[in-house]
Amino acid sequence: MATRVPDFLQGGGEMGSLMRAHDWSRSSLGSPADWPQSLRTVVRLMLNTGHPMYIWWGAELACLYNDAYRESIGAERHPGSLGRPAREVWAEIWPIIGPQIEQVMSGRGATWHVDQLVPITRNGRLDDVYWTYSYSPIDDDASPGGIGGVLVVCTETTKQVLAAHQLTLERDRLAQLISERARAFDAMRESEARFRAALRAGRMGYWETDLVARTRTWSDEAMALFGLSLADRKGKVGGADDEYLASLHRDDRHLAAHYLELAQQLDTFAADYRVVRPDGTTLWLSGRGAVTARGADGAPLRLISVMADVTETRQAEQMLAVERQRLRLALSAGRMGAYELDIASDTLWWSPETYALFGVSPDEFTPTRESVIDLLDPDDRPRFARRRRLAIAEHQSFFDEFRLKRPDGSRVWIGYRGRAEYDEQGHPVRTFGVVMDITERKKAEQVLRDAGREKDDFIATLSHELRNPLAPIRNAINVLHHLPPGDARAAWCHDVISRQTAQMARLLDDLLDVSRLTRGKLTLRVQRLELATVIARAIEIAQPLIDGAGHDLRVELPPDPLQLQGDLTRLAQVFSNVLINSAKYTPPGGTIVVTASADAVALVVRVKDTGIGIAEEHIDRIFDMFGQVESASSHAQGGQGIGLSLARKLVELHGGTIEARSDGVGKGSEFEIRLPAARVASTAHVALSDTG
Ligand code: ADP
């Protein structure tokens, strides 16, 4: 049976064709020709709009939709759902839409939903689908309650919703980013504040030099160091306006060019110089420069410099250097050296003076405990080691003296004074101290010891000497006692007594003079003298001894009188001592010659004998106090070792000198006495006979 297609199903694209071709007889709607007017009206509307529309109609809520709606329902429902009951088609989402449809159908009004999530399966996938839709009642008088169906006008808003979601997400992310940036910024500000505080604490500053723009950007801290205050922290580079160059100490200004040269080769380099601030104070700065940008040819374009004020350190270093220098001077003035031994590492440090004292060179000699001990005199080694060990064990400072043979063969005495430092357990950690050259002191001690011994010898000899004349004197007195008055032997007795007492008196006078001289109590009675007078007086004293030994005395003085200033008695004493020695130390029958001469400044008197002579090694000692030459003959002559010492002191008191010469034992001696000549010549002339 051919049925004419009703007008309201005309058009409508695919869905129009489908609806026209549909076999409606099997559906609850029945033939379109019988559809109520209100349904027809809405269907025509639906098929002829580009908006997605949907209709549920009748008790079964049969599904009708247009082309625009097709897209949203997928292959699962298109085209199969056309005319079928809503409850079957939309079973999946019935819990959501069922109640809403029910609301409309029961006359409780339309619904309106914006961006409602209605997840549906379409094209094999469960999609989250968003809809903005309304369910509106379609009036139909024939239907129960007057409502025949529901018109759904809808738009799928999934894309917009998702886009809006995305937007929200991105906004959130942005917000998060912004707050992160803000936090980072805060953190940066905080760290910059910390950095600046650190700069200030370290008295440091930095600046950047732009070699292209020829500007320098200073940090506040750097300006504070240089005492500068520049607008915008901007300074100039090069030329007379360069604040940096102008601040450099005059003696360090050349370094600026040097650092630029370094920057050509190195990415970072050390810098060290002084700046003079506007208030006149000088600061030592120390730090580094770093190249932050280079041109294609490698030339530096920008540099950053970080410098710290090290003035205090430098001053302390300078002080230390000065003190070290002072200590060094003090050590070398005291001929001392320093040492330090680190016990744990067993390393020994010596100051340069110590090397010098030990006569070794730091280039060739490494001081160790063993190498140092080897330099010591073998006899001194065990004692040195023992004392040191004991002192360290007893926490005492130690002192020792030892002999040393230097590599060049010279021998020295070294004094050694030190102490140890201990850890908390009382173990020695290091020892340190000084060494000093005590050779001279040791020599002086030896001289003193020798002098002491000589004094003992002298006292022994002197006792003999003072006792010797007493025996003949006592003997002579005894003889005198038994002689009848007028006996001729009395004259012999007198002679003996006067000779012996004269010798004793001379001895005692010499002793008295020596003691006066050593105590500085002897004064000269100086007057203008003629040498001949002095010599005549001396011969007078020595004559008995010279005659007694049968010597031949010759006196050869120049014809013109020789003048001098001096103490007659003392000078006569000098010459008589020398003459008496010649008489004593010359075997009987010898010859003694006295000669005199003068030049512009001095009178020279020589006394030469043909006596026993003096061995070369003794020449220097005979003028020493008690400086007797150990020989049988000198002792036999009864010497005390006073005469020449006294003679030398008296000559020196007169500003003169006395020297001895001898060609050796048995070859005679010669004594030469030089005295300053008196300036004004005198015409007085004293003739001298052989015998004085
Ligand atoms: P003394 O003669 O009393 O011992 P001196 O001081 O006069 O003391 O002399 C010191 C020593 O010098 C003498 O002991 C002697 O050994 C030596 N001496 C002095 N004069 C001569 C001399 N003319 N010839 C040899 N020896 C001399």
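This passage describes aromatic pairs, charges over rings, a helix packing and some backbone details in a predicted model.

Aromatic contacts come first. A pair of aromatic rings is described by the distance of the centres and the angle of the planes. Across the whole structure, the search returns 28 aromatic pairs. One of them brings together W56 and Y135, whose ring centres are 5.3 Å apart. The planes of these two rings stand at 85 degrees, and because an angle over 60 degrees counts as edge-to-face, the pair of W56 and Y135 is classed that way. In sequence the two partners are 79 residues apart, with W56 in strand β1 (residues 53-57) and Y135 in strand β6 (residues 130-139), so that the pair links distant parts of the chain. Both residues can be placed with respect to the surface as well: W56 has a relative accessible area of 3% and is therefore buried, and Y135, at 3% relative accessibility, is likewise counted as buried.

A second pair offers another geometry. The ring centres of F195 and Y206 lie 5.9 Å apart, and their planes meet at 40 degrees, so this pair is tilted. Here, too, distant parts of the chain are linked, F195 belonging to helix α7 (residues 158-201) and Y206 to strand β8 (residues 204-210), with their positions 11 residues apart in the numbering. F195 is partly exposed, at a relative accessible area of 42%, and Y206 is also partly exposed, with a value of 22%.

W56 and Y135 reappear in a wider grouping. Together with Y54, Y65, Y69, W90, W131 and Y133, they form one aromatic cluster.

Rings also meet charges in this model. The charged end of R314 is placed over the ring of W284, at 4.6 Å from the ring centre. In a second case, the charged end of K442 sits over the ring of W413, and the distance to the centre of that ring is 4.4 Å.

Turning to helix packing, helix α19 (residues 568-584) packs with helix α21 (residues 643-653) at an angle of about 145 degrees, and their axes are 9 Å apart. The crossing of α19 past α21 is left-handed. On the α19 side, the contact is made by R570, Q573, V574, N577, V578 and N581. G643, L644, L646, A647, L650 and V651 make the contact from α21. By character, the residues of this contact comprise 7 nonpolar, 4 polar and 1 charged.

Several loop residues complete the picture. H249 is found in the loop between α9 (243-247) and α10 (255-265). Its relative accessibility is 17%, and because buried means under 20%, H249 counts as buried. Beyond its neighbours within four places in sequence, H249 is in contact with R274, V275, V276 and T282.

The backbone has its own points of interest. H78 and P79 are joined by a cis peptide bond, with omega at about 0 degrees, and P79 is located in the loop between α4 (74-77) and α5 (86-89). R214, although not a glycine, has a positive phi of about 55 degrees. This arginine, R214, lies in the loop between β8 and β9 (215-218) and is partly exposed at 47% relative accessibility. For R233, also not a glycine, phi is positive at about 60 degrees. R233 has its place in the loop between α8 (220-226) and β10 (234-236), and its relative accessible area of 38% makes R233 partly exposed.

Terms used. Residues numbered from 1 in each chain as written. Predicted model: local features only at pLDDT ≥ 70, side-chain atom pairs only at ≥ 80, totals over all residues. Heavy atoms only, no water. Phe/Tyr/Trp six-rings, centres within 6.5 Å; stacked < 30°, edge-to-face > 60°. Helix = DSSP H or I, 4+ residues; strand = E, 2+ residues; numbered from the N terminus. Buried < 20%, exposed > 50% of the residue type's maximum accessible area, 1.4 Å probe, protein only. Lys NZ or Arg CZ within 6 Å of the ring centre and 35° of its normal. Axes fitted to C-alpha atoms, helices over the stretch in contact; angles between N-to-C directions. Left-handed = near helix turned anticlockwise from the far one by under 90°. Contact = heavy atoms within 4.5 Å. Nonpolar A, V, L, I, M, F, W, Y, C, P; charged D, E, K, R; others polar.
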